[in-house]
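The exercises below ask you to read a protein model with care, moving from helix packing to cores, salt bridges and sheets. Please look over the sequence and the structure before you start on the tasks.

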Amino acid sequence: MRFLTISDVVSAELYPVAHSEALEPLDAVLSCGDVPPEYLTYLGHVFRVPVFYVRGNHDLRYARRPPQGATHVHGRLVHFKGLRIVGFEGSMWYNGGPMQYTETQMQWTVWKTRPLIWWHGGVDIVLAHAPPRGFGDGNDLCHRGFRCFVRFIRSHQPRWFLHGHVHRTFHEPSQRLLRLGDTIIVNTVGWHILDTDHETMARSARALQPNTSRNPRR
């Protein structure tokens, strides 16, 4: 399957006019947050595919004007064409705004998905706004990743963990990819095409040695 993954930046290549023929065929749009709800509505319409999303720490308008026809997956497990998708919204708590979580709060949210994952036999794709701690995150409080995501990945080994939030410039797709065990971690800032049938994707991922000063807990 082929997914358009997006977050954080409204890309000129996609909006206000998307050249859909250059990216099709697509099966779905996956959003990791901090984009306008109208953007998701538009992409679902122009590509004629389902949209799955989590909110970022700046997505304040979603509560009163959610994207039309899109599925919010925070704290849920949804099935799509044989794949199991779980979502975790928001960022690390830094000023008390909406969609901000302490490590303990996010750990509780992650813990509540465990029965769902067990019942459905695992998870294939995780949509998160923030990254795992020590894997492509930042040093400032706002952009730190969650340690509980590292433990989640080690416990459940999803095939892909998608996130946004950490703005970086990528000169080639492989620069977006990191690896933890059998899981490929993808920074989706801007947009990226995820091809789930591409078997060489895992081999092209770069293994990240976490900064030992961060020392993510197991």
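## Exercise 1: Two helices

The axes of α3 and α5 come within 8 Å and cross at roughly 25°, where axes are lines fitted to C-alpha atoms, for helices over the stretch in contact, and angles run from 0 to 180 degrees between N-to-C directions. Helices (H or I, at least four residues) and strands (E, at least two) are DSSP runs, numbered from the N terminus. This is a predicted model, in which local features need pLDDT of at least 70 and side-chain atom pairs count only at pLDDT 80 or more, while totals for chains, interfaces and linings use all residues. Residues are numbered from 1 along each chain as its sequence is written, and side-chain values use heavy atoms, with hydrogens and water left out.

Task: Classify the relative direction of α3 and α5, and state which residues meet between them.

Solution. Step 1: angles under 35 degrees count as roughly parallel, over 145 as roughly antiparallel, 65 to 115 as roughly perpendicular and the rest as oblique. Step 2: α3 and α5 are therefore roughly parallel to each other. Step 3: from α3, Glu-103, Met-106, Gln-107 and Val-110 meet Arg-147, Cys-148, Phe-149, Arg-151 and Phe-152 of α5, contact being heavy atoms within 4.5 Å. Step 4: Cys-148, Phe-149, Val-150, Phe-152 and Ile-153 of α5 are buried (buried is under 20% relative accessible area, exposed over 50%, partly exposed in between, with a 1.4 Å probe and protein chains only). Step 5: just after α5, Gln-157 takes a positive phi of about 45°.

## Exercise 2: The cores

Task: Find which residues touch the most other members of the largest nonpolar core, and which element gives the most to this core.

Solution. Step 1: a nonpolar core is a set of buried Ala, Val, Leu, Ile, Met, Phe, Trp, Tyr and Cys residues joined through side-chain atoms within 4.5 Å. Step 2: the largest such core has 23 residues, and those touching the most other members are Phe-88, Met-106, Phe-146 and Phe-149. Step 3: at least two residues each come from β6 (83-88), α3 (103-112), β9 (125-128), α5 (147-156) and β11 (177-180). Step 4: α5 gives the most to this core, namely five residues. Step 5: a second, separate core of 20 residues includes Leu-30, Val-54, Phe-80 and Leu-177. Step 6: leaving aside neighbours within four places in sequence, Phe-146 has contacts that include Met-92, Tyr-101, Met-106, Pro-131 and Arg-133.

## Exercise 3: Salt bridges

Task: Explain why the salt bridge of Asp-27 and Lys-81 ties together parts that are apart in sequence, and say whether each partner is buried or exposed.

Solution. Step 1: a salt bridge is a side-chain nitrogen of Lys or Arg within 4 Å of a carboxyl oxygen of Asp or Glu, and the structure holds eight of them. Step 2: in the pair of Asp-27 and Lys-81, the N to O distance is 2.8 Å. Step 3: Asp-27 lies in the loop between α1 (20-23) and β2 (28-31), and Lys-81 in the loop between β5 (77-80) and β6, so the pair ties together parts that are 54 residues apart in sequence. Step 4: Asp-27, at 17% relative accessibility, counts as buried, whereas Lys-81, at 55%, counts as exposed. Step 5: turn next to Arg-133, found in the loop between β9 and α5, which forms a salt bridge with Asp-137, their closest N and O atoms being 2.8 Å apart; both of these residues are buried. Step 6: Glu-38, Arg-61 and Arg-65 are linked in a network of salt bridges.

## Exercise 4: Sheet and hairpin

Task: Give the strand order of the open five-stranded sheet, then describe how β5 and β6 run.

Solution. Step 1: the order is β4-β3-β2-β1-β13, with mixed pairing, two strands being paired if DSSP finds at least two bridges between them. Step 2: the edge strands, each pairing on one side only, are β4 (70-72) and β13 (190-195). Step 3: the twist averages 25° from one strand to the next. Step 4: β1 (residues 2-7) and β2 run parallel and are joined by four bridges, and the bridge partner of Phe-3 in β2 is Ala-28. Step 5: helix α2 (residues 37-47) lies across β1, β2 and β3 (51-53), running at about 160° to β1. Step 6: β5 and β6 run antiparallel, with four bridges joining them, and in their hairpin, which has two residues between the strands, Lys-81 takes a positive phi near 50°.
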